[in-house]
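This report looks at one strand with its neighbours, and then at enclosed space inside the protein. Please keep the sequence and the structure in view while reading.

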Amino acid sequence: MTFNVGILKLSQLLKDIDTMLRSKAGNKGLQFEISRDPDVPEVIYTDEMKLKQILINFLNNSIKFTKVGSVKLSVATVAERTNRLSFAVHDTGAGIAPEELEDLFGAFQQTQIGRQSNEGTGLGVNISQKFVQLLGGELIVESTVGQGSCFSFEIDLHPAKLESSHVTSEANAEQFRRRSCSDRKVLVVDDLAVNREILCALLKQWGFLVQEATDGEEAIACWRDWQPDLIFMDICMPKMNGEEATRSIKSQNPQPSTRIVAVTANAFEEDRIAILAAGADDFIRKPFKAEEIMESLKQQLGIEFSPKKRRVRAPAALGTHAEDVSPFPPPPPDATNLRILVADDSMVNQRLMQTYLEQLGHTAQMAKTGAEAVCVATGNSIDIIFMDVQMPQMDGLEATRNIREYLESDEQPYIIALTGSEEEEDKQKCIDAGMDAFLSKPLSLDRLKAALL
């Protein structure tokens, strides 16, 4: 086993895990909590993938074997040992009998509860124990039958300075533009609309021809009719899952004319082996990032992406006609070629904004959802975003939080909330999300002009 040490932004890792598992716990009526002590460093050096796999495995098991109560992940520093970090997964589940604890770390060993569930292979804990040891720790299991379990471990910790560490990956720091994708066809298969929307928006933005399917059966039908170059195939879907659909397509298509990339929340090697055995050409894990999709397109289709030059904003202030609330520097007020994005799910509002902006000598890109706004903003140089607060699936607040999280400080757009509310509580929500100013609906040409002066 190799140890691939790198810079890890801990808050992002915990956020990814929360996104991945909270709904799964909620569907069972369980309380799901991730807590982090205030003195835990934001950025550390460790093997991100192995740490993530460990935590996902333990949390998945806790959710699986807990019928009532809670599942909690806690992260803390170790007293009197500044170079160590502690992780613990607590649950109120079935528990493990004392006589079974000794065999728990053996390969293909399962507890009585695990065998009764008919799920898994028993490899998860064994692999996790090896990963924990690789990270410099030892796995400790405490459990009482009928009360629950706690899986805890410590890892070696090397704090990193956020200012100098380039927390985002090279692909994040070097945003990309597409060269030639207009003749390539990509099928996105996922039963969740918001997942399809995010991935489709990225692909369309880069110039691909895109179609969607909501399950394995639709995917097979679309593949037969459309013959896409590549399929991003979700694995966990109703009716026919992605593994079955992949096996069916590959059995009918022995030549590698259609590439299939599995998209899965499962993090372990055994899952990867099963997916590849079904015929998938590669796989990426949820939640994915734009640069992971780019790398997959490069590997599977030979698409070359060129780095986007980063810009530095002048620290000028926007006109006072929009109510400024944020320290993010706005674009220079004398700019004549502002790059503007309007995010609004109403076509009427989009056309109105477009008309007003054209009268003021500007053009704008349009996005109809928060997810699409995130994709456009993180893949292009945008100066100003007019962000509708109320949008389906991903609203303007969540879209703003994603943009603030994803982009570095010198790439941040100036975000103006479009809202019909004048309530201070709603304005505070916009501020907390990272928005810079407000414009109240209904809009007028004069007020829009004043906001851009």
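How many bridges join strand S15 to strand S16, and do the two run parallel or antiparallel?

## Strand S15 and its neighbours

The model described here is predicted. S15, residues 340-343, and S16, residues 364-367, run parallel and are joined by four bridges. One of the pairings is between Ile 340 and Ala 364, its bridge partner in S16. Between these strands the chain passes through helix H13, residues 347-359, and the resulting β-α-β crossover is right-handed.

S15 also pairs with strand S17, which covers residues 384-388. Here too the strands run parallel, with four bridges between them. Met 387 of S17 is the residue opposite Ala 343.

## The two faces of S15

Are the side faces of S15 covered or open? Both are covered. Ile 340 and Val 342 are buried on one side, and Leu 341 and Ala 343 are buried on the other.

## Cavities

Searching the whole structure gives three cavities of 30 Å³ or more. The largest of them holds about 50 Å³ of space.

Its lining consists of Val 188, Val 189, Asp 190, Asn 195, Arg 196, Leu 199, Phe 232, Val 263 and Phe 288. By type, six of these residues are nonpolar, one is polar and two are charged. Strand S9 (185-189) and helix H8 (193-205) each contribute at least two lining residues. H8 provides the largest share, with three residues.

Note on methods. Residues numbered from 1 in each chain as written. Predicted model: local features only at pLDDT ≥ 70, side-chain atom pairs only at ≥ 80, totals over all residues. Heavy atoms only, no water. Buried < 20%, exposed > 50% of the residue type's maximum accessible area, 1.4 Å probe, protein only. Pairing = 2+ DSSP bridges. Right-handed = clockwise from strand over helix to strand, strands pointing away. 1 Å grid on protein atoms, 1.4 Å probe; cavity = no way out; pocket = protein on both sides within 12 Å on 5 of 7 lines; lining within 4 Å. Points joined across faces, edges and corners; volume = space filled by probe spheres on them. Nonpolar A, V, L, I, M, F, W, Y, C, P; charged D, E, K, R; others polar.
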